Amino acid sequence: MQVSVLRSVLDANDLIATENRKEFDAHGCFVVNLMSAPGSGKTTILERTLRALDGRLNAAVIEGDVLGTLDADRLIPLGVPVV
């Protein structure tokens, strides 16, 4: 059996990502998207990176944890906007 793929299930996501990239570029923003399994160290990397930057760059975090605010709560004391 051969299955024809008519369109990617991620088409809508790709469109949104393209629009986001245009906005970020227009405002001169460097953006990093960290995605991995729970408990893999993403928040720890953010904590250490933000401390190392020590306010030398403007930074903000968009936290996407659907289960709660524990990760966001860890980042707020570092003095960067967290949404």
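The following legends describe an overall view and several close-up views of a predicted model.

**Conventions.** In this predicted model, local features need pLDDT of at least 70 and side-chain atom pairs count only at pLDDT 80 or more, while totals for chains, interfaces and linings use all residues. Residues are numbered from 1 along each chain as its sequence is written, and side-chain values use heavy atoms, with hydrogens and water left out.

**View 1. The whole chain, with its elements in the order α-α-α from the N terminus.** The chain holds three helices and zero strands; helices (H or I, at least four residues) and strands (E, at least two) are DSSP runs, numbered from the N terminus. The radius of gyration is 17 Å, well over the 12 Å given by the globule rule for 83 residues, so the chain is more spread out than a compact globule. That radius is taken over C-alpha atoms, and the globule rule is 2.2 Å times the number of residues to the power 0.38. Along the principal axes, the C-alpha atoms fill a box of roughly 55 × 35 × 20 Å. Of the 83 residues, 8% are buried, where buried means under 20% relative accessible area, exposed over 50%, and partly exposed in between (1.4 Å probe, protein chains only). The chain exposes about 7,300 Å², and carbon and sulfur atoms supply 59% of this area; accessible areas come from the Shrake-Rupley method with a 1.4 Å probe, and for residues only the protein chains shown count as cover.

**View 2. Helix α1, residues 11-26.** This helix of 16 residues reaches 23 Å from its first C-alpha to its last, close to the 22 Å expected at 1.5 Å a residue. The expected span of a helix is 1.5 Å times one less than its number of residues. Just after α1, G28 adopts a positive phi of about 70 degrees.

**View 3. Helix α2 (residues 42-53) and its buried residues.** The end C-alpha atoms of the twelve-residue helix are 16 Å apart, in agreement with the expected 16 Å. T43, E47 and L50 are the buried residues of α2. Seen down the axis of α2, these buried residues fall within an arc of 75 degrees, so they line one face of the helix; the arc is that of the directions from the helix axis to the C-beta atoms. Their cover includes α3 (70-75). After α2 comes D54, whose phi is positive, near 45 degrees.

**View 4. T43 of helix α2 and its surroundings.** T43 has a relative accessibility of 8% and therefore counts as buried. Not counting residues up to four places away in sequence, T43 touches D71, R74 and L75, a contact being heavy atoms within 4.5 Å. The side chains of T43 and D71 make a polar contact of 3.3 Å. A polar contact is a pair of N or O atoms within 3.5 Å; within protein, one must be able to donate a hydrogen and the other to accept it, and residues adjacent in sequence count only if both atoms are side-chain atoms.

**View 5. R74 of helix α3 and E47 of helix α2.** The side chains of R74 and E47 are joined by a polar contact of 2.7 Å. E47 is buried, at 12% relative accessibility, whereas R74 is partly exposed, with a relative accessible area of 36%. Leaving aside residues up to four places away in sequence, R74 touches T43, T44 and E47, and E47 touches R74, L75 and L78. R74 and T44 lie 30 residues apart along the chain, with their C-alpha atoms separated by 9.1 Å.
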